[in-house]
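Subject: Structure for your review

Dear colleague,

Please find below the structure that I am handing over to you. My notes on it follow directly after.

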Amino acid sequence: MNETTNKNAFFHGLRQSLVVTLVLLLLCGFVFPVLLSGISTVIFPSQANGSLVYADGQAVGAANVGQDFTEPYFMKGRPSAYNYNTYYKDEQGNQYYNDGSEFAGLSSGSNNYAPSNPALTERVEADIEAFLEANPDVKREDIPADLMTASGSGLDPHISPESARIQIPALAAASGLSEDKLEQIVADNTEGKLFGIFGEETVNVLGVNLDIAKAMGLVGDASK
């Protein structure tokens, strides 16, 4: 009798455990994500779909993810250990970062170099020389620090207003746009402090470059 009772109790407990597991799997793994995604899509459609940025009907980026811009008429962002995951394919289908190194796959983060690491000094010095070559009117000591330092994620699309303004003379020469026009584009893409209190003012580099491309006639319809 006791053996039969123990077996019944065991299978009863096992059945309860399986039922609870399946119910929670259904609720937490399907119902809740679908419900949350549906509500988000209705209330915040742009954010729920990745805050995509469009030009001529094509998605050209995301408002919250930086890109690696190489054309001289485009504003430059902060360094990224993963080149913002921007890559190209050769004829054989091999993938490479824009600097020629092999694409390591979608990633984020920084190299976490210590200040004493020679690799950090080498990287910063190379970036400084490249920036001075592209911006000949800028003095080395006037380069804002954020232009030479990567963000924690390596994907930050923002720079400081100072870093944006210091690039305007070179951008004007490369794009043919007036400095006044570029200053207005920077102002249009400057985001204030959160609630007017937290953080600092920032400039979205992708937004700036989309407006530059539109002003140059490289794209027609652009939306952010």
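Which side-chain oxygen reaches to within 3.1 Å of the backbone nitrogen of Leu-206 at the start of α7? It is a side-chain oxygen of Asn-204. Please bear in mind throughout that this is a predicted model.

Helix α7 and the core

Helix α7 spans residues 205-215 and is mostly covered, with nine of its eleven residues buried. The buried residues of α7 are Val-205, Leu-206, Gly-207, Val-208, Asn-209, Leu-210, Asp-211, Ile-212 and Ala-213. After the helix comes Gly-217, which has a positive phi, near 80°.

In soluble globular proteins, nonpolar side chains tend to be buried together. In this model, the largest nonpolar core contains 29 residues. Those with the most contacts inside this core are Met-75, Phe-131, Ile-143, Leu-147, Ile-159, Leu-182 and Ile-212. At least two core residues come from each of β1 (52-55), α3, α5 (168-175), α6 (179-188) and α7. The largest share, six residues, is supplied by α7.

Leu-147 may serve as an example of a core residue and its surroundings. Neighbours within four places in sequence aside, Leu-147 is in contact with Lys-76, Gly-77, Arg-78, Pro-79, Phe-131, Ile-159, Ser-163, Ile-166 and Gln-167.

Pro-79 also appears in a second pairing, with Leu-155: these residues are 76 apart in sequence, while their C-alpha atoms are 9.1 Å apart in space. Leu-155 belongs to the loop between α3 (118-134) and β5 (158-159). Leu-155 counts as buried because its relative accessibility is 19%, and the limit for that class is under 20%.

Salt bridges

The model has five salt bridges in total, and three of the pairs are described here.

Within helix α3, Asp-127 and Arg-123 lie four residues apart, about one turn of the helix. Their side chains meet in a salt bridge, with an N to O distance of 2.7 Å. Asp-127 is partly exposed, as its relative accessibility is 24%, and Arg-123 is likewise partly exposed, with a relative accessible area of 24%.

A further salt bridge is formed by Arg-140 and Glu-129, whose closest N and O atoms are 3.5 Å apart. This pair links distant parts of the chain, eleven residues apart: Arg-140 is in the loop between α3 and β5, whereas Glu-129 is in helix α3. Arg-140 has a relative accessible area of 38% and is therefore partly exposed. Glu-129, at 45% relative accessibility, is also partly exposed.

In helix α4 (residues 161-165), Arg-165 and Glu-162 are three residues apart, so about one helical turn separates them. Their salt bridge has its closest N and O atoms 3.6 Å apart. Arg-165 counts as partly exposed at 47% relative accessibility, and Glu-162 counts as partly exposed with a relative accessible area of 45%. Elsewhere, salt bridges with shared partners join Glu-125, Glu-129 and Arg-140 into one network.

A nonpolar patch on the surface

Finally, a nonpolar patch lies on the surface, formed by Val-19, Val-20, Val-23, Leu-24, Leu-26, Leu-27, Phe-30, Val-31 and Val-34. Together these residues have about 770 Å² of accessible area. One of them, Val-31, is found in helix α1, which covers residues 2-43. Val-31 counts as partly exposed because its relative accessibility is 37%.

With kind regards

Definitions and conventions
Residues numbered from 1 in each chain as written. Predicted model: local features only at pLDDT ≥ 70, side-chain atom pairs only at ≥ 80, totals over all residues. Heavy atoms only, no water. Patch = residues over 30% accessible without salt bridge, like charges linked within 9 Å, V, L, I, M, F, W, Y side chains within 5 Å. Areas by Shrake-Rupley, 256 points an atom, 1.4 Å probe, with all protein chains shown as cover. Salt bridge = Lys/Arg side-chain N within 4 Å of Asp/Glu carboxyl O. Buried < 20%, exposed > 50% of the residue type's maximum accessible area, 1.4 Å probe, protein only. Polar contact = N/O pair within 3.5 Å; in protein donor to acceptor, adjacent residues only side chain to side chain. Core = buried A, V, L, I, M, F, W, Y, C linked by side-chain atoms within 4.5 Å. Contact = heavy atoms within 4.5 Å.
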